[in-house]
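Dear colleague,

Please find below the structure that I am handing over to you, together with its sequence. My findings follow directly after it.

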Amino acid sequence: MTAAPLTRDQVESVVSSAVRAQPVVDMHTHLYAPVFGSPVPTSAGKADRGGFLLWGLDELLTYHYLVAEVYRVVPATVLPYERFWKMTKAEQADHIWKHLFVERSPISEACRGVLTALRKLGLDVSDRSLAPARKWFAQQDPSRYVDRVMELANVESITMTNPVFDDAERERWLKGVKPDPRFEAVLRIDPLLRDWPAAAKKMHAWGYAVGTEVDDATVEEARRFLRDWIDRQKAIYLALSLPPDWRYPADADTSSGGTGGGGISAGGPADLLARAGQSILERVVLPVCAERGLPFAMMIGSRLRVNPDLRDAGDMVGKADVASVTSLARAFPQNKFFVTMLSRENQHELAVAARKFGNLMVFGCWWFVNNPSLIDEITRMRVELLGTSFIPQHSDARVLDQLVYKWDHSRGLIASVLADKYRDAVDAGWPLTTADVERDVRLYLKDNFRDFLKR
Ligand code: HDL
Ligand code: ZN
C-alpha cells in the first residue's frame, strides 16, 4: 500500500528533512585523509610547515577566498604581499579577522561560512575575539576531528584532488599511502593539457620515454604513466581545469562561429600548445579513461594567476566555450564526462548541452558561482532543464571544517528549490510521496555520482 500523497503544505518540511538527512558523497574537494599528514599548528613566531589535511581556525580564516577579500580592504600599497606571506598563519588570520569581521561586517559568503562553521561546532564568537576558539581548536585531536566534522556536515565520502605533477603530492604517494576508505582519490592532471612540454619534461625525468612531439611512442608511454597513477591512487576519475579559451577541436575555424582555435593566432606557439593538448586528450587521456571505465572531469573557465602575488587567491573567471564540450561529448561517445563551468554566463548553455548527451554529467556550483544567489539560480534552471539527472553541488573544500558550512548552506538552497518544484508537481496533480522525495534527494546528493562512475 503506497503512502498517502503529500499535500502542498507538507512539501517544505518533508523536503527539508530529506535533504538534511541524506548523507552526501562530496565529489570534488581539496581535502586529504589524515594519513597524508597535517601542517604543524602555527605557534607565534614559528612558520607552519606545509601539510596536506588543512583544518582549524587559522586555516578557515586564511582560505584564499578571504585573502582576496582582505586585500580589497588593506591594499598591497599598505601591506606588501611579501610581508603578508611571511606572516604565520595565526598572524594572517588575525589580520583577516580584524579587517573583514571586526572592522567591517562579515557578510560575504566566505566570511559567513566561517561564522556558520564556528557556530555549528559550538563555538561562540559573540565577544568578537578569536582566543576562545583558538583554545578549543588546539584541544582537538585531528583523527577524531575528521569523524566529528563529517558527522556534523553529514558527509559520508570525501573525494580528494590529487595533482600528480605537484612534487609534494607525488612524493607522498611514492612513499606509500593508504587513505581511509572514506577518502577517495582523483588523478588531477592539469599540466597534461595546459602545458604539455613542461609535463613531458617531468614525465621523462620520472622514467617515461615521452617527448614534446606527440608521436606513437610518446602516446604509449603517456598512457603507461596514467595507468600507473590510476592504479597507485585507485583513482575514481581523472580531472583537470581548463582556461576559458580552451577549444575543441583546437584548430576549428573561428570565422564560422565554430569553437575556434583557442582564440589564438594559427600556428603560433600557443596554437602548437593547444594542438599538443588536443592530441594528448584524444590519444592518451580519453582512451585510458574509456579502457578503465573512468569519467573525465573538466572544470572549465579558470584563468590562473591573473594576480600572481595573491597566489591561490589570484585566479580569475572567464566565459568559456560550451560548443567545445558538445564537440568532445559527440566525438567520444564511449567516454563519460563530468563538467562544471566557472562562468555564470555558461550555465544555461551547459545545462542544455547535457540534454543532448547522456555521457555528460553536469556538476556543482563551482568557486565563483558557489554563492547563494547563483546556487539558487543555477539549481532552479538545472531542475527545470534536467530534472533529477545532474549533481547539484560539490564543496570544493580546502579546509576540513569548511564541509560544515558549505554543505549547510547548499542543503538549504537545494531544499528550497526542490520544495518549489515538488509543490508545482503536487499542484499539477502528481501523488508525490515522502519516499519519492527521499529517493530523488539520494540521487542528487549521492547516487547520480556513484551510478555515473559505474555506468
Ligand atoms: O581547480 C580547482 O579545482 C579549483 O577549485 C581551485 O582549486 C580553486 O582555487 C578553488 O579552490 N576553488 O574553490
Ligand atoms: Zn577545486
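In this predicted model, the largest nonpolar core comprises 152 residues, and the members that touch the most others are Leu 192, Trp 196, Val 285, Phe 296 and Phe 338. Helix H17 (residues 402-427) supplies the largest share of this core, with 11 residues. Another core lies apart from it and has six residues, including Val 369, Leu 374, Ile 375 and Ile 378. As general background, nonpolar side chains in soluble globular proteins tend to be buried together.

Phe 338 deserves a separate word. Leaving aside neighbours within four places in sequence, Phe 338 is in contact with Met 27, Tyr 237, Pro 295, Phe 296, Ala 297, Met 298, Met 361, Phe 363, Ile 391, Phe 449, Phe 452 and Leu 453.

Next, the metal site. The zinc ion (ligand 2) is coordinated by His 28 and His 30, each through NE2, and by Asp 396 through OD, at 2.0 to 2.2 Å. The spacing of these donor residues in sequence is H-x1-H-x365-D. Distant parts of the chain are thereby linked: His 28 sits in the loop between strand E1 (24-26) and helix H2 (57-61), while Asp 396, 368 residues away, sits in the loop between helix H16 (372-386) and H17. His 28 has a relative accessibility of 3% and therefore counts as buried. Asp 396 is likewise buried, since its relative accessible area is 7%.

Strand E1 also takes part in an open sheet of three strands, ordered E1-E2-E4 with parallel pairing. E1 and strand E4 (183-184) are at the edges and have a single partner strand each, so one side of each has no neighbour in the sheet. Between E1 and strand E2 (residues 155-159) there are three bridges in the parallel sense; Val 25 has Ser 157 in E2 as its bridge partner. Two helices pack on this sheet. Helix H8 (residues 142-153) touches E2 and E4, and its direction makes about 115 degrees with that of E2. Helix H18 (residues 434-454) touches E1, E2 and E4, and its direction makes about 55 degrees with that of E1.

Helix H3 (residues 64-73) has His 64, Tyr 65, Leu 66, Val 67, Val 70 and Tyr 71 buried. These buried residues pack against H2, helix H4 (81-86), helix H5 (89-102), helix H6 (109-120) and H17.

Two polar residues may also be of interest to you.

Asn 346 is located in the loop between strand E10 (337-341) and helix H15 (347-356). With a relative accessibility of 0%, Asn 346 counts as buried. Its side chain reaches the backbone nitrogen of Ala 320 at 2.8 Å. Beyond neighbours within four places in sequence, the contacts of Asn 346 are Gly 318, Lys 319, Ala 320, Val 322 and Met 341.

Gln 10 belongs to helix H1 (residues 8-21) and counts as partly exposed, at 36% relative accessibility. A polar atom of the Gln 10 side chain lies 2.7 Å from the backbone nitrogen of Thr 7. The C-alpha atom of Gln 10 is 9.7 Å from that of Ala 419, although the two residues are 409 residues apart along the chain.

With kind regards

Definitions and conventions:
Residues numbered from 1 in each chain as written. Chains lettered and ligands numbered in written order. Predicted model: local features only at pLDDT ≥ 70, side-chain atom pairs only at ≥ 80, totals over all residues. Heavy atoms only, no water. Helix = DSSP H or I, 4+ residues; strand = E, 2+ residues; numbered from the N terminus. Buried < 20%, exposed > 50% of the residue type's maximum accessible area, 1.4 Å probe, protein only. Polar contact = N/O pair within 3.5 Å; in protein donor to acceptor, adjacent residues only side chain to side chain. Contact = heavy atoms within 4.5 Å. Core = buried A, V, L, I, M, F, W, Y, C linked by side-chain atoms within 4.5 Å. Donors = N, O, S within 2.8 Å, 3.2 Å for Na, K, Ca; no water. Pairing = 2+ DSSP bridges. Axes fitted to C-alpha atoms, helices over the stretch in contact; angles between N-to-C directions.
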